[in-house]
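Me: I am new to this structure. Please take me closely through one part of it, the strand that begins the chain, and then show me what else is there.

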Amino acid sequence: MCGIVGICNLGSARGIGVETLARMMGGIRHRGPDETGVYLDDRTALGHVRLSIIDLAGGGQPIHNEDQTLWIVYNGEIFNYPELKESLERQGHRFYTTSDTEVLLHLYEQEGPACLDRLNGQFAFAIWDSRRQALFLARDRVGIRPLHYTVHDGRLIFASEVKAIFAVPQVPRRMDPEALDQVFTFWTVLPGRTAFEGICELPPGHYMKVSKGSITTHRYWDIPICPRADQTDRPADEIAEMVGDLLVDAVRFRLRADVPVGCYLSGGLDSSGIAALTARRFNADLSTFGIRFDREAFDEGSHQQTMAAFLGTHHREVQASAKGIGASFAEMLWHGEKPILRTAPVPLLMLSKVVRDSGLKVVLTGEGADEVFGGYNIFKEAKVRRFWARQPASGARSALIGQLYGYVFRDQRSRSFLTSFFGAGLDQVHDPLFSHMVRWRNTSRIKTFFSAELRSAADSGDPYEPVRASLPDEFHRLDAVAKAQYLEMKLFLSNYLLSSQGDRVAMAHSVEIRVPFLDHRIIELMSRVPSRWKILGLNEKHILKKALAPNLPKEIWSRRKQPYRAPIVDCLLSGSGGDCTREMLGRQAIDAAGLFDAAKVDRLLNKMQTVRTPSEVDGMALAGILSSQIVHRQFIEQFRAESIPPACVDLVFDRRRGRATIHEIHRGPMPRVPASTRSGR
Amino acid sequence: MGVQEEIRNYVIDHILFGDGEKLRDDVSFQETGILDSTGFLELITFVEEQFGVEIADDELVPEHFDTLRAVSAFVEQKRASRAVA
């Protein structure tokens, strides 16, 4: 895993200095502490920071083809590269490394953009065709690896993380009011957007071509939509068997590395399943890593212990205390680069440090199973509310909601209010966004804290319209559960789960995550499976449980799903994090950023310090406002491109006029990134 | 300060965070999104503690708590029945 940066002149060729590139690379050194390299010519510059995982000695980038006309910088893994390499060798391609990067480059040379269909992996890369003067950027199908870009002053500037783009001092830095409106509605920005005005993200499953001054983006893959009539009619047992076989293969692929690979282990079905397949089929000497919480309601420690003992893994834990989560909230945001309504990514930031300190740099995780196999309550909620809408007065039907949200329905007294809350909008079953409207409308309440200026700047009409407009025609033929699954995957998977809570908090400590459940073959197979098999009655992930049960103790596969959550209010108000919160939410800081209404925020803070059990929505408001304030301070107010230490560049291919040289300035391990540039900015 | 006034102030301060414009006597808390399910619970707790009334589980229905006027009427009635008893 690595980080990439680059600049491409769209108009006339203008010199790009190594210093600019080195500073961009300096901004993302945490993504690649092992080696660095750049390529420059008169039109384009590419930079790479490397975390060495495959071909440790020879895989340094940029990498070129035989005649040095194609150059690649690449972040990620192509898991099926040995198979692809074989066929390329038969076609006459010659390789000078044993890396997957070089295979990708030759596959592109052979097939052009169509090569993307042949890749099984997680990636973001840039290929410069110096002969045709064309740049090609691409991102993996589901968006596991990040890729951001902006166009400024006749140049395309791109990088794995936004901070590397901001390392170019001329690039303007402003919060995007519409992006904030989206975070405070959908829990994250919509695909393609970032928290910053003018900075875009290449959406998952897309590539970009830059040639002769024009930029075009194309979609090469989308979440598959398979209407009922085209779905499989195989029995559930048979489907589970197919899933089981594919999962073994997906894990086998993802264990390909020249370094040891560990597993995250939460004690739930998904990560336990991956750990079991890994330990039982491929690596009996497995290291696993789990998060513990102080509060019993969040903690899954006993299940982690069960699994670790069952598999005989070397299990390590991180204790995510309220104070610890609060103290690392700002560091998480520096890596995540967007406001957030939760604290849940912080424990994962703490966990990746434990992985790194144990000497590992790659872990398999259980992410994606809930989306693909139907694990979330919001899918069941869609099913129940649809069923309830047929008989809105039915007490028995409405009572099903209570079964879903046991943890919020614990208090018998609140039952009638919760029922009435979920019963709102039952006449809207035909709205394509029906499944998510309760959540989004409820979240939108916290926009009451927006300042008048932010409210007017963010007011671009109906926030749901861009989502409705983006839905393909076939979407409308899906059933309630499949619709909800599509929305969840499209809006939340890449932009929150795989980034804020995935890549960013792992790469913060130079750790690569690999996600077997998001192997595209599994996604495509499950898209052909009827929803009734995915959620049998109200039993979530029915097929996956069947597929994994033979590998797991019953205690694990039959346990009630516990959503991964972390406490919010305690964390943000206690310890050093609490001091930061009070300072960032004080009138002076609020007025300086101009995003929120200081008097309202003050009332919220007072309320949070006095009520015994703060509500979900107030907790989200606190996290959302605080994180917006911190992101504003880190990236707008106090960001100084000049203060990012430029990366020391090991390998330079300089093809600028009159300078045709290759030099290796430095070889060997690079100094670690100083702590001051890693966080808290 | 009357019951209705006290409840109004509570809602403005703790639920609407100062934004009392849309809070009129007969506006539905639920339809306008002023209160969500936990907001109702906060309001009920406040009413119980502030006015010393005991609310039975079967009285905990949205109809008693959906507008300022309804909540105040409900509280007044509880207090009156306690006085009689």
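Reply: Here is a close look at that strand, followed by a second sheet and the whole chain.

This is a predicted model, in which local features need pLDDT of at least 70, side-chain atom pairs count only at pLDDT 80 or more, and totals for chains, interfaces and linings use all residues. Residues are numbered from 1 along each chain as its sequence is written, while chains are lettered from A and ligands numbered from 1 in the order in which they are written.

Start with strand β1 of chain A, residues 2-9. Helices (H or I, at least four residues) and strands (E, at least two) are DSSP runs, numbered from the N terminus. Eight of the eight residues of β1(A) are buried, so the strand is largely enclosed by the rest of the structure. Buried means that 20 or more other C-beta atoms lie within 10 Å of a residue's own; 12 or fewer makes it exposed, and in between it is partly exposed, with C-beta atoms placed from the backbone. A:C2, A:I4, A:G6 and A:C8 point one way from β1(A). A:G3, A:V5, A:I7 and A:N9 point the other way. Both sets are buried.

Now its partners. Two strands pair if DSSP finds at least two bridges between them. β1(A) pairs antiparallel with β3(A), residues 44-50, over seven bridges. There, A:V5 has A:G47 as its bridge partner. Five bridges join β1(A) to β9(A), residues 155-159, also antiparallel. A:I7 is matched with A:I157 in β9(A).

Elsewhere in chain A, five strands form an open parallel sheet, in the order β15-β14-β13-β16-β17. β15 (314-320) and β17 (512-514) of chain A are at the edges with a single partner strand each, so one side of each has no neighbour in the sheet. β14(A), residues 287-293, runs parallel to β15(A) and is joined to it by seven bridges. In that pair, A:T288 is opposite A:H315.

Finally, step back to the whole chain. Chain A has 29 helices and 19 strands. Its radius of gyration, taken over C-alpha atoms, is 25 Å, close to the 26 Å that the globule rule (2.2 Å times the number of residues to the power 0.38) gives for 681 residues, so chain A is as compact as a globular protein of that length. The C-alpha trace of chain A spans about 80 × 60 × 50 Å along its principal axes. Of the 681 residues in chain A, 53% are buried.
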